[in-house]
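Q: Please take a close look at one part of this structure, the place where charged side chains pair up, and explain how it sits among the elements around it. I would like the criteria behind each term spelled out as you go.

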Amino acid sequence: MGKYLMSLTSLVGVVVLAVVVCYPPLMNWVLRQIFRLLRREPVQIQLAVGDVARLFFHRLGIWILQGLAFAMFVRCVYPVDLVDLPVIAASFVVSWVIGFVSLLTPSGLGVREAVQAGLLALIVPLPVAVALAVLSRIWLVIGEVVAAGIGLAIGRWGRRGSRQEVSSA
């Protein structure tokens, strides 16, 4: 029963976050409060609700895929029940978001891992949760390096093609 309650709590958290993020007047109010605390000039976001909702649901789809990939990653390392997969996936997303908004560390380094290990420790033993959080960071860094390499290769290939067109003209 506790696992289902945790899944329901995670879902409610995502819905609350969606309302804050997708409703521009509320988002602007939250931003004003944050900037006031930081003693900075306030920022006003000028987006329609539909635009913000489209962006949110696009990101939500990415988070669902990343969360499922992370849940499969965890399942490859440690035997977990299928009923735990939504909570594991949510732990990835929640820790990523908290690490992203962490202003004290680059890329949420350490913050994301601590949150992720804490959430995973609800399902797996703490040493396994810590190892999974560290392995997750390594997994993400490798993915980013590969993506950057592919981007560089495509960029160079595209420039080479445009130079050949100019020289043959």
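A: What follows starts with the chain as a whole, turns to the charged pairs, and then moves outward to the packing and the surface.

This is a predicted model, in which local features need pLDDT of at least 70 and side-chain atom pairs count only at pLDDT 80 or more, while totals for chains, interfaces and linings use all residues. Residues are numbered from 1 along each chain as its sequence is written, and side-chain values use heavy atoms, with hydrogens and water left out.

The protein chain holds 6 helices and 0 strands (DSSP runs numbered from the N terminus, H or I of at least four residues for helices and E of at least two for strands), and its pattern along the sequence reads α-α-α-α-α-α. Of its 169 residues, 24% count as buried (under 20% relative accessible area, against over 50% for exposed and in between for partly exposed, with a 1.4 Å probe and protein chains only).

Across the whole structure there are 3 salt bridges (a side-chain nitrogen of Lys or Arg within 4 Å of a carboxyl oxygen of Asp or Glu). The part to look at closely is the network in which Arg-112, Glu-113 and Arg-137 are linked by salt bridges. Glu-113 pairs with Arg-137, their closest N and O atoms lying 2.3 Å apart; because Glu-113 belongs to helix α5 and Arg-137 to helix α6, this pair ties together parts that are 24 residues apart in sequence. Glu-113 also meets the side chain of Arg-112 in a salt bridge, with an N to O distance of 3.5 Å. Arg-112 and Glu-113 are both buried, and Arg-137 is buried as well.

A further salt bridge joins Arg-54 to Asp-51, with the closest N and O atoms 2.5 Å apart. These two residues are 3 residues apart in helix α3, which means that about one helical turn separates them. Here Arg-54 is exposed, with a relative accessible area of 56%, whereas Asp-51 is partly exposed at 31%.

The helices that carry these pairs can be followed through their packing. Helix α5 (residues 111–120) packs with helix α4 (residues 85–101) at an angle of about 155°, the axes being 8 Å apart (lines fitted to C-alpha atoms, for helices over the stretch in contact, with angles from 0 to 180 degrees between N-to-C directions). The two are therefore roughly antiparallel (over 145 degrees, while under 35 is roughly parallel, 65 to 115 roughly perpendicular and the rest oblique), and α4 passes α5 in a right-handed crossing (the near helix turned clockwise from the far one by less than a right angle, left-handed if anticlockwise). On its other listed contact, α4 packs with α3 at about 120°, with axes 8 Å apart, so α3 and α4 are oblique to each other; α3 passes α4 in a right-handed crossing.

Helix α6 (residues 126–168) also supplies 9 residues, the largest share, of a nonpolar patch. This surface patch covers about 860 Å², and its members include Leu-126, Val-134, Ile-138 and Ile-154 (nonpolar side chains, Val, Leu, Ile, Met, Phe, Trp or Tyr, joined within 5 Å, or like charges within 9 Å, from residues with over 30% relative accessible area and no salt bridge; areas by the Shrake-Rupley method with a 1.4 Å probe). Val-77, another member of the patch, sits in helix α3 (residues 49–77) and is partly exposed, with a relative accessible area of 45%.
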